[in-house]
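Me: I'd like to go through this one slowly, one step at a time. Can you help me read it?

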Amino acid sequence: MRIGFYLLAAAPLLAALPVQAQENPVGSTQIAQGDYAQAESKLLAELRIHPGRPELLLNLAAVYAKTGRAGEARNLYTKVLSRDDVLMDVSADQTAGSHALAQRGLRRLDAVQFSAR
């Protein structure tokens, strides 16, 4: 399975790059606009319908990371790593696996926590 993603250059802590969809069920517009509360609400609603979808878990982890909930973000990245790796488009000409994106998110969490010490 391959899932489409597009890079948000203005969001350096986002390891989960928002999925672009016409109805925007995964909060990509809200994440790009910094409306993390609305993005979280949409993502949680979608996860009730489609539990375990890596793009939802990664985007929610990114929201948690951006809102200072590193422990919750870490749990979601770990959950993605415990499932099958899914190839995703991170831009029009670049792909990455869900595991690579989750590992990148974990490294960013570690870097932020290290710099806060």
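Reply: Sure, here are a few questions and answers on helix packing and salt bridges in this predicted model.

Me: How are α2 and α3 oriented to each other, roughly parallel or roughly antiparallel?

Reply: Helix α2 covers residues 36-49 and helix α3 covers residues 54-66. They pack at an angle of about 150°, with axes 10 Å apart. Angles over 145 degrees count as roughly antiparallel. So the answer for α2 and α3 is roughly antiparallel.

Me: Which class of residue has ten members in the contact of α2 with α3?

Reply: On the α2 side you'll find, among others, L43, L44 and L47, and they meet a set in α3 including L56, L57 and L60. By class, the contact has one polar residue, three charged ones and ten that are nonpolar.

Me: Which residue meets R69 in a salt bridge, and is that partner buried or exposed?

Reply: R69 sits in the loop between α3 and α4, and its partner is in helix α2, so the pair ties together parts 29 residues apart in sequence. The N to O distance is 2.7 Å, and the partner is E40. Buried means under 20% relative accessible area. E40 has 17%, so it counts as buried.

Me: What about R74: which residue does it form a salt bridge with?

Reply: R74 is in helix α4, and its partner is in helix α5, 36 residues apart. R74 is partly exposed at 24% relative accessibility. The closest N and O atoms are 3.1 Å apart, and the partner is D110.

Notes
Residues numbered from 1 in each chain as written. Predicted model: local features only at pLDDT ≥ 70, side-chain atom pairs only at ≥ 80, totals over all residues. Heavy atoms only, no water. Axes fitted to C-alpha atoms, helices over the stretch in contact; angles between N-to-C directions. Helix = DSSP H or I, 4+ residues; strand = E, 2+ residues; numbered from the N terminus. Parallel < 35°, antiparallel > 145°, perpendicular 65-115°, else oblique. Contact = heavy atoms within 4.5 Å. Nonpolar A, V, L, I, M, F, W, Y, C, P; charged D, E, K, R; others polar. Salt bridge = Lys/Arg side-chain N within 4 Å of Asp/Glu carboxyl O. Buried < 20%, exposed > 50% of the residue type's maximum accessible area, 1.4 Å probe, protein only.
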